[in-house]
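Have the sequence at hand and turn the fold slowly on your screen. We will walk from the whole chain down to single residues.

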Amino acid sequence: MWIYSWQEIVCMTAAAIVLDWFIGDPRWPTHPVILIGRWIRWMEGLLRSKSDSPASEKFKGVLLTTTTLIVSTGSVFVLVLAARSVHEWLGYVVCTWLISTTIAIKGLKDAAYLVYNPLRKGELADARKYTGYIVGRDTEALDEEELTRAVVETVAENIVDAVISPLFYALIGGAPLAMLYRASNTLDSMVGYRNDRYRHFGWASARWDDAMNWIPARLTGLLLILVALLQPGLSAKRAAAAIRRFAHLHPSPNSGIPESAVAGALGIELGGLNVYGGVASERARLGWPLRPRTQQDIVYAVRMLYGVSFVVMGGLLCILLVWF
């Protein structure tokens, strides 16, 4: 049985959101996600061999996924338990901080504005460089409209990965379960690719991440519709229609939901032709191109990101008010 009551978990989760709003995600060498990434790279080097068959690669991928989840969750549980044994309030602080490291509201905003600011000044070279930090596609030849698309898609997709999913699992099981999700997502981002290198080895990580995100992605769709209803200039009706019409076209069972919702709410089209390492790839087109994309759409996407976090915080505060 988890060591904290649901009321305490709600309080710590709400505090973690506030912490992320104002402080964000410092890139410390000891940051849990960095440590998880190092573990994954070490395990990959330990497990993989050039002579592995596809079946062997899949088995070793399952082993990587399982051990990473156990080590990440178990380490956090022990750390919180140790802090709580020293003092009850130290336990609260450690648990709150650990939850905050699994979400990235401010980090997403900062990454988006790192592209938006040079775009606003007409500095395309810098905008292309910073876009390359957050997407896997080639950015050297992208114009303003395509740079905007890349950033809006990244913000929309990560409303699930970096906000709602970790908060969803934090509310169920505190910092250990939030970190279990973050480890799942880190595995997917590092080895969950459908390319020659990771098609078999990353299979388990990719499928597990899909399963972990299934419920949060659909909750995110509902939250984005609500945010579109509350924010002037956005269309909740079109956001809902876009989810129904386009979400299933996305190669991911989850990412199409927030991307379609944001595209519909803004009245723009996302998806289209991407280039990866010089190889063109046509992605599903989501939403209706009622107008050209502009740099201002980055601002709108960030407002939707924060709107979702405000709605979640409002819900948590309502729960706490009822409790008290």
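What follows starts with the overall picture and then visits a hairpin, a helix and a few residues.

A word on ground rules: this is a predicted model, in which local features need pLDDT of at least 70 and side-chain atom pairs count only at pLDDT 80 or more, while totals for chains, interfaces and linings use all residues. Residues are numbered from 1 along each chain as its sequence is written, and side-chain values use heavy atoms, with hydrogens and water left out.

Let us begin with the architecture. The protein chain has 11 helices and 2 strands, where helices (H or I, at least four residues) and strands (E, at least two) are DSSP runs numbered from the N terminus. Reading along the sequence gives the pattern α-α-α-α-α-α-α-α-α-α-β-β-α. The radius of gyration of the protein chain is 20 Å, close to the 20 Å that the globule rule gives for 324 residues, so the chain is as compact as a globular protein of that length. Here the radius is taken over C-alpha atoms, and the globule rule is 2.2 Å times the number of residues to the power 0.38. The C-alpha trace spans about 60 × 55 × 35 Å along its principal axes.

How much of the chain is buried? Of the 324 residues, 53% count as buried, meaning under 20% relative accessible area, with exposed over 50% and partly exposed in between (1.4 Å probe, protein chains only). Contacts tell us about the chain's path too: of those in the protein chain with a separation of 6 or more, 70% are between residues 24 or more positions apart. A contact means heavy atoms within 4.5 Å. The accessible surface comes to about 15,000 Å², and 65% of this surface belongs to carbon and sulfur atoms; such areas come from the Shrake-Rupley method with a 1.4 Å probe, and for residues only the protein chains shown count as cover.

Now find the two strands. E1 (residues 270-276) and E2 (residues 279-286) pair in the antiparallel sense over 6 bridges; two strands pair if DSSP finds at least two bridges between them. Leu-270 has Leu-286 as its bridge partner in E2, and Val-275 has Ala-280 as its partner there. The hairpin has 2 residues between the strands, and Gly-277 takes a positive phi near 60 degrees.

Step back along the sequence to helix H10 (residues 256-266). Of its 11 residues, 11 are buried, so H10 is largely enclosed by the rest of the structure. What do those buried residues pack against? Their partners are H7, helix H8 (203-230), helix H9 (236-246), E1, E2 and helix H11 (296-323). H10 is followed by Gly-267, which has a positive phi, near 75 degrees.

One of the H10 partners, helix H7 (residues 144-191), holds Glu-153. Is Glu-153 buried or exposed? Glu-153 is buried, with a relative accessible area of 6%. Apart from residues up to four places away in sequence, Glu-153 touches Arg-137, Glu-259, Leu-270 and Gly-271. Among the buried residues of H10 is Glu-259, while Leu-270 is the residue that bridges to Leu-286 in E2.

Ala-183 is also found in H7, and it is buried at a relative accessible area of 0%. Setting aside neighbours within four places in sequence, Ala-183 is in contact with Ile-36, Thr-68, Leu-69 and Ser-72. Ile-36 falls to a helix you can trace from its start, since His-31 is found in the loop between helix H1 (6-22) and helix H2 (32-47). His-31 counts as buried at 3% relative accessibility, and its C-alpha atom is separated by 36 Å from that of Gly-264, 233 residues apart along the chain.

Our last stop is Thr-131 in helix H6 (residues 124-134). Thr-131 is buried, with a relative accessible area of 0%. Beyond residues up to four places away in sequence, Thr-131 touches Val-115, Thr-139, Leu-147, Ala-150 and Val-151. The C-alpha atoms of Thr-131 and Ile-159 lie 28 residues apart along the chain and are separated by 18 Å.
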